[in-house]
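Please work through this structure with me. I have some questions about the ligand site, one helix and one loop residue.

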Amino acid sequence: MINQSHIIGTGSAMPERILSNKELEGIVDTTNEWIFRRSGIRERRISSNAKEESTTNLATKASVNALDMAAISPDELDMIVVGTVTPDRQFPSTACMVQEAINADKAAAFDVSAGCSGFLYALSVVNNAISCGTCKTALVVGVERLSSIINWRDRGTCVLLADGAGAVVVKARPNRGGILSNHLKSDGKFWEFLHASDGNTYLPATLKDVAKRPFHLKMQGNPLFKRAINCMSEIARDALVHNNLSTNDISLVVPHQANMRIIEALAKNIKIPMEKVYTNIHKYGNTSSATIPIALDEANREGRLMKDAHVLLVSFGAGLTWAASILQWTL
Ligand code: COA
């Protein structure tokens with residue numbers, strides 16, 4: 001019998017520091033009103049070196065919370081996959097750093113880089129490993145510390161992006177349900193719409209080059225906005241058709257939280273009422289790979305995920321990448 005992948009624990013961890021729209025008014029030429037009206041964001045969390053809120057530490061806290069809920073010991077894990085574009089180091093992977101922190105000695109650990117779709121790509125890798133029988137218990141994490149690559153002079157991005165981590169524990173079980181499907185897509189033609197110029201390995205030739213802060217994230221928001229709506233709507237429909245489900249069968253959509261207007265347009269396109277769409281962008285902004293696992297954890301802890309309910313996860317991000325997963329909740 002082919003094993004199904006079931007989510008048996010969820011967790012998240014947010015930095016302590018809340019940065020409000022009002023405070024951003026003192027940093028760039030913007031207003032609370034503009035940010036909320038154009039994005040749905042009221043505040044976000046920004047990590048601190050002093051409080052030990054590194055990418056690894058946030059990922060570790062979220063993982064421990066998910067493992068606690070799953071009531072399993074880290075040494076039962078045989079795979080750790082982390083979606084992130086803001087690791088603490090170029091290498092080793094964040095997954096290996098988390099492995100050390102939680103003592104998951106038996107796990108194979110590695111990262112995936114798929115922009116804001118990192119968590120759903122990682123979930124897909126784990127689901128496939130479980131289906132093949134090469135893995136029985138896995139940890140999947142989405143974590144970002146976008147504040148480390150934000151250009152705090154660019155009002156088009158610094159008001160949107162933030163930090164946080166979410167994690168799930170996935171276990172092979174013979175019973176039906178769990179992860180029903182993963183759909184993944186990419187289009188490298190448009191990588192320039194959202195990128196960090198030279199990455200963490202950039203070695204500046206002169207001090208003048210350093211002043212340009214070449215690692216800063218750059219984004220063309222408007223073309224991304226339109227593509228995000230189209231790609232997320234299309235892949236959500238593909239996922240529904242693949243599972244022979246209609247939007248009436250979906251109890252909750254947990255979308256990537258990039259912009260409230262994108263989420264509302266997605267809901268309208270796939271004809272699902274906003275009451276069935278989970279959003280927390282108002283308090284966390286866009287935490288890239290972390291938005292979906294954080295939202296899933298909050299929805300789970302708030303009792304929004306009923307046993308056997310169908311849940312649609314859908315993302316879009318740098319790459320470009322986009323993805324959708326349908327779950328039948330069994331936790
Ligand atoms: N405060 C005030 N004004 C701002 C601003 C800010 N923080 N940021 C941009 N503006 C201005 C622009 O300069 C522009 O001014 P102009 O008309 O004088 O040139 C105006 O607001 C409109 O800018 P525009 O970029 O067209 O706005 P928008 O409606 O597209 O909203 C985003 C901007 C970034 C919120 C939106 O495009 C978006 O969310 N894009 C997608 C993000 C995304 O999905 N990223 C990838 C996945 S993670």
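The questions and answers below concern a predicted model.

Q: Which residues come nearest to the ligand?
A: The model is predicted. There are 22 residues around the ligand. Those that come nearest are Thr 30, Arg 38, Arg 155, Asn 222 and Asn 259.

Q: How many Å separate a nitrogen atom of the ligand from a backbone N or O atom of Arg 155?
A: Polar contacts here are pairs of N or O atoms within 3.5 Å. The backbone of Arg 155 supplies an N or O atom for such a pair with a ligand nitrogen. The distance is 2.9 Å.

Q: Which residue has a side-chain N or O atom 2.8 Å from an oxygen atom of the ligand?
A: Gly 221 uses a polar backbone atom, 3.0 Å from a ligand nitrogen. The 2.8 Å pair instead joins a ligand oxygen to a side-chain N or O atom. That side chain belongs to Asn 222.

Q: What percentage of the area that the ligand exposes alone does the protein bury?
A: Taken alone, the ligand exposes 960 Å². The protein covers part of that area. The buried share is 71%.

Q: Which helix gives the most residues to the shell around the ligand?
A: Elements giving two or more residues are H2 (32–39), H6 (155–158), H8 (221–242) and H9 (260–269). One of them gives four residues, the most. That helix is H8.

Q: How do the shell residues divide into nonpolar, polar and charged?
A: Domain 1 (4–175) and domain 2 (180–280 + 298–328) each supply at least three residues to the shell. By class, the shell residues divide into 11 nonpolar, seven polar and four charged.

Q: Is helix H11 largely enclosed or open, and how many of its residues are buried?
A: H11 spans residues 291–301. Its buried residues include Ile 292, Leu 296 and Asp 297. The helix is largely enclosed by the rest of the structure, because the buried count is 10 of 11.

Q: Which residue with positive phi follows H11?
A: The phi in question is near 75°. The residue is Gly 303.

Q: Is Asn 243 buried or exposed?
A: Asn 243 sits in the loop between H8 and strand S11 (250–255). Buried means under 20% relative accessible area. Asn 243 is at 19%, so it counts as buried.

Q: What does Asn 243 contact, leaving aside neighbours within four places in sequence?
A: Leu 180 is 63 residues away along the chain, yet its C-alpha atom lies 7.5 Å from that of Asn 243. Contact means heavy atoms within 4.5 Å. The partners are Leu 180, Ser 181 and Ile 326.

Terms used
Residues are numbered from 1 along each chain as its sequence is written. This is a predicted model: local features need pLDDT of at least 70, side-chain atom pairs count only at pLDDT 80 or more; totals for chains, interfaces and linings use all residues. Side-chain values use heavy atoms; hydrogens and water are left out. A residue is near a molecule or strand if one of its heavy atoms lies within 4 Å of it. A polar contact is a pair of N or O atoms within 3.5 Å; within protein, one must be able to donate a hydrogen and the other to accept it, and residues adjacent in sequence count only if both atoms are side-chain atoms. Accessible areas come from the Shrake-Rupley method with a 1.4 Å probe; for residues, only the protein chains shown count as cover. Ala, Val, Leu, Ile, Met, Phe, Trp, Tyr, Cys and Pro count as nonpolar, Asp, Glu, Lys and Arg as charged, and the others, Gly among them, as polar. Domain bounds come from an automatic or database domain assignment. Buried means under 20% relative accessible area, exposed over 50%, partly exposed in between (1.4 Å probe, protein chains only).
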